[in-house]
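Me: Please take a close look at the salt bridges in this model. Where do they lie, and what do they join?
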Amino acid sequence: MQAIPVLKQFIKDELVPNLDDLDENQSLLEGGILDSLRIMKLVTFIETKFDMQITDEELVPDNFETLISVSKLISNKHEIV
Amino acid sequence: MDFSFTKEQARFKEAVVKFAQRELSNGALERERKEEFYWDGWKKCADFGIQGLPIPVKYDGLGADILTCVLTMQGLGYGCRDSGLLFAINSHIWTCEIPISVFGTDAQKGKYLPSLTKGTLIGGHAMTEPDSGSDAFSLRTTAVRKGDKYILNGTKMFVSNAPIADLLLVFACTDKSKGFAGISVFIVEKDFPGFSVGRPLEKMGLKTSPTGEVVLQDCEVPLDNRLGEEGAGAAIFNAEMEWERSCLFASHLGAMESQLESCVRYAKQRFQFGKPIGKFQSISKKIADMKVRIEIASLILYKVAWMKAQGKRAPLESAIAKLYISESYVASSLDAIQIHGGYGYMTEFGIERDLRDSIAGKIYSGTSEIQRNIIASWLGL
């Protein structure tokens with residue numbers, strides 16, 4: 001499953017409904033697209049949708065900076081599995 | 001979903017209740033009047049293993065599962081009348097030990113956890129500031145890296161255990177541009193240069209739990225004392241809050257059970273108009289409501305514990321549990337005073353104390369308003 005389109009759709013549908021567009025290199029953190037509540041909703045969504053568990057230690061900015069970094073986190077975890 | 005307890009869990013809870021009744025409650029009213037921390041009680045709890053409850057055996061803890069932790073706190077809440085002591089222990093475990101245990105390096109765990117579990121070190125965390133409470137991640141304390149150190153500057157407010165703590169997990173901003181993701185955490189020892197604690201703050205309740213202000217003035221923290229990566233502050237905070245909202249409030253549930261028993265006993269013994277006051281529906285219905293709150297609170301709490309035991313996240317469920325239990329405790333404390341009438345209002349009977357203690361539960365660990373925000377957010381609002 002291509003992660004980026006799925007993540008983008010979830011963010012636009014569930015987290016920031018008025019978001020015009022979301023580039024895959026756009027910072028999710030500096031622009032305030034993710035906040036401390038939204039990141040937990042995103043993590044719960046990823047765990048359910050991609051059938052994986054994200055540890056507390058993985059909830060660091062490097063893994064959630066952009067859609068690309070979130071996608072890498074997902075694909076890396078799938079490889080480990 | 002299986003909320004049944006194993007024989008070991010049930011036996012352990014029973015032992016905790018007996019221990020708390022025997023060792024922790026004597027002199028609680030007097031200590032509250034003097035606003036004294038119960039040092040002997042702290043040590044007795046450490047000897048029993050309470051402070052090391054969820055910590056791996058490798059670090060001298062008991063390595064208990066979360067349901068055992070919940071049952072233990074429930075048993076302590078039921079048997080111990082020194083709620084300030086319980087609050088101090090809960091702060092120590094969930095906001096200091098657990099984050100170090102989960103996010104710490106092997107060196108950090110080896111250095112701090114054995115002493116924290118033995119109770120020879122006391123810990124806590126410092127998040128809230130004079131201008132940031134509910135909006136926790138808008139904190140102003142900064143941490144700037146200089147060589148092999150970080151320099152921390154800022155003021156922390158309402159820090160549980162601060163006047164007695166040997167170390168605190170201090171939340172500070174390392175990258176303002178990243179908002180909540182620019183917050184980092186540092187293990188700050190009380191002897192680090194630039195660290196100081198103000199006078200203990202006087203409170204409405206939980207008077208035997210010392211609370212204070214912390215000042216960080218060019219406070220030097222070794223690089224090795226950063227907990228987790230830079231920017232891991234929000235993850236650490238969310239993780240510890242999920243634990244605290246699950247386990248700390250189990251002690252409120254235990255206190256509510258004890259409160260209910262007192263009310264039933266009193267309603268049977270107290271005669272007015274020629275019969276026990278429990279025979280009047282205005283009293284018995286209050287007691288019925290207290291029982292309903294306990295049953296619902298238990299189910300929510302055990303569900304959260306079950307979810308965490310399954311390795312699931314429970315941010316929504318722990319917010320619901322925290323909100324419901326804290327508000328139920330206040331409601332039941334008001335009912336208990338009303339049922340006991342004038343005796344309930346007098347400090348020497350210890351009934352009104354529950355109300356003063358319970359109100360704090362609607363404020364710390366995220367206010368009731370913040371819990372409702374979290375719940376609404378999960379509903380897409």
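Reply: The following account treats the salt bridges one pair at a time.

This is a predicted model, in which local features need pLDDT of at least 70 and side-chain atom pairs count only at pLDDT 80 or more, while totals for chains, interfaces and linings use all residues. Residues are numbered from 1 along each chain as its sequence is written, chains are lettered from A and ligands numbered from 1 in the order in which they are written, and side-chain values use heavy atoms, with hydrogens and water left out.

Over all chains there are 29 salt bridges (a side-chain nitrogen of Lys or Arg within 4 Å of a carboxyl oxygen of Asp or Glu). One of them pairs A:Glu47 with B:Arg313, with 3.2 Å between the closest N and O atoms. This pair crosses between chains, from helix 2 (residues 36–49) of chain A to the loop between helix 8 (281–309) and helix 9 (315–345) of chain B; helices are DSSP runs of H or I with at least four residues, strands are runs of E with at least two, and both are numbered from the N terminus. A:Glu47 is buried at 15% relative accessible area, and B:Arg313 is buried at 13% (buried means under 20%, exposed over 50%, partly exposed in between, with a 1.4 Å probe and protein chains only).

B:Lys178 and A:Glu65 form a salt bridge at 3.8 Å, N to O. B:Lys178 lies in the loop between strand 4 (167–173) and strand 5 (183–189) of chain B, and A:Glu65 in the loop between helix 3 (61–64) and helix 4 (67–80) of chain A, so this pair joins two chains.

Within chain B, B:Glu327 and B:Arg372 pair at 2.9 Å between the closest N and O atoms.
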